[in-house]
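The following exercises concern aromatic rings and the groups that lie beside them. Please work through each task with the structure open before reading its solution.

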Amino acid sequence: MSPADDPHGARLCRVFLSRVLEPGDETGGRWVREYGVREVARRLREGGEPLPGVSGTRWAGLRARAGRAGPERDLEVAQAAGVRFVCPGDTEWPAQLDDLQDARPLGLWVRGPAGLRMWALRSVAVVGARACTEYGAHAAATLSAGLAERGWVVVSGGAYGVDGAAHRGALGAGGATVAVLACGVDRPYPRGHARLIGRIAEQGLVIGELPPGDHPTPSRFILRNRVIAALTRGTVVVEAAYRSGALVTARAAQRLGRLTMGVPGPVTSALSAGVHELLRGEAVLVTDAAEVVELVGDIGELAPVRRGPVLPRDLLEPGARRVLAALPAHRPAPPGEIACGAQTTRDEAIARLYELRALGYVERHGDGWKLTRQAISPVEDGPPRC
């Protein structure tokens, strides 16, 4: 919808307020809910008594911002950059963002051809450390590629480290990905990811709350994370230290009733310490895309059961397994000793021993029986001992 199709100017007022209010401003959100977006915009433009909940100093600051705002200009700049403004009430608006209540975005600037609402319905956030390890980058890329191959949209923040690996993994699999920025979507940040974010805009979506040309700040990065959490069905943290923006996203997801998941790492790694702390709480441990989809997907989308290799001895009948287990590892034993260890009779033990000899597990040594190399190898050639 263009401003000309908006007879009451509500859309233009939201564009105006996106320049005046900071993302996640719950006081401003309460104003919009109680007074309506047009009345809040009018009061900020015309002045008068401050709206409730702010000091005179802060009101003066908001009024100064309002004096510099130019919503028509912002829309023109956005249109020239191929960016549209999506707000509550639009068919493209993702209704799950309404769970943020008064911290809900006034609107979102969207760059890319896809429909945001439909993509968000089947999306997962993959977030983590900026200064990630090779393990973290590999895990994020592999996980995201697997999600993309299963038809899921990967949402992340476009940052260095895990975010970038997640986006690249989805793109490399020919899948869909969304970058949620803490700045104007026409000026990608970080600059080193300009090509990546441009590719996301072509193949996926780049979105943000801030109007064209606006720059990121530390607080805007933190507040951006609530949008990532609300937009998606669940959040996966790949690597995160104790103090990490990725943990902010996960905790926001938990507050919103979304699923939180974590990919474990080495217990010696500080970059996995935050993830492990999450896993000690309400988060669920995941190791691949199938396990993520089992949690966030529809009924019946189950991850495969994980088992170790089936050894030939696993197929023996219980009686034969007991006799085989009763033989000493490196010396022959008489039938009576074997029967005692297997808790059976001597005749039954001898019958089982001949059966096991036919299968190549035991051999006779005089009056005793001994394990063959075939019987010992699966045990001795297993995982190395500490």
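**Exercise 1.** Over the ring of which residue does the charged end of Arg130 sit?

Solution. The model is a predicted one. In it, the charged end of Arg130 sits over the ring of Phe221, and the distance to the centre of that ring is 5.2 Å. A charge is counted over a ring only if it is within 6 Å of the ring centre and within 35 degrees of the ring normal. A further case is Arg45, which lies over the face of Phe16 at 4.2 Å from the ring centre.

**Exercise 2.** Classify the pair formed by Trp31 and Trp59, and locate both residues in the fold.

Solution. Four aromatic pairs are counted under the ring-centre rule. For Trp31 and Trp59 the ring centres are 6.0 Å apart and the planes stand at 80°, so this pair is edge-to-face. Trp31 belongs to helix α2 (residues 26-35) and Trp59 to helix α4 (residues 56-68), so the pair ties together parts that are 28 residues apart in sequence. Both Trp31 and Trp59 are buried.

**Exercise 3.** Carry out the analysis for Tyr354 and Trp369, and state whether each is buried, partly exposed or exposed.

Solution. The ring centres of Tyr354 and Trp369 lie 5.1 Å apart with the planes at 80°, and the pair is therefore edge-to-face. Since Tyr354 lies in helix α16 (residues 346-358) and Trp369 in strand β11 (residues 368-371), the pair ties together parts that are 15 residues apart in sequence. Tyr354 has 38% relative accessibility and so counts as partly exposed, whereas Trp369, with a relative accessible area of 2%, is buried.

Note on methods. Residues numbered from 1 in each chain as written. Predicted model: local features only at pLDDT ≥ 70, side-chain atom pairs only at ≥ 80, totals over all residues. Heavy atoms only, no water. Phe/Tyr/Trp six-rings, centres within 6.5 Å; stacked < 30°, edge-to-face > 60°. Helix = DSSP H or I, 4+ residues; strand = E, 2+ residues; numbered from the N terminus. Buried < 20%, exposed > 50% of the residue type's maximum accessible area, 1.4 Å probe, protein only.
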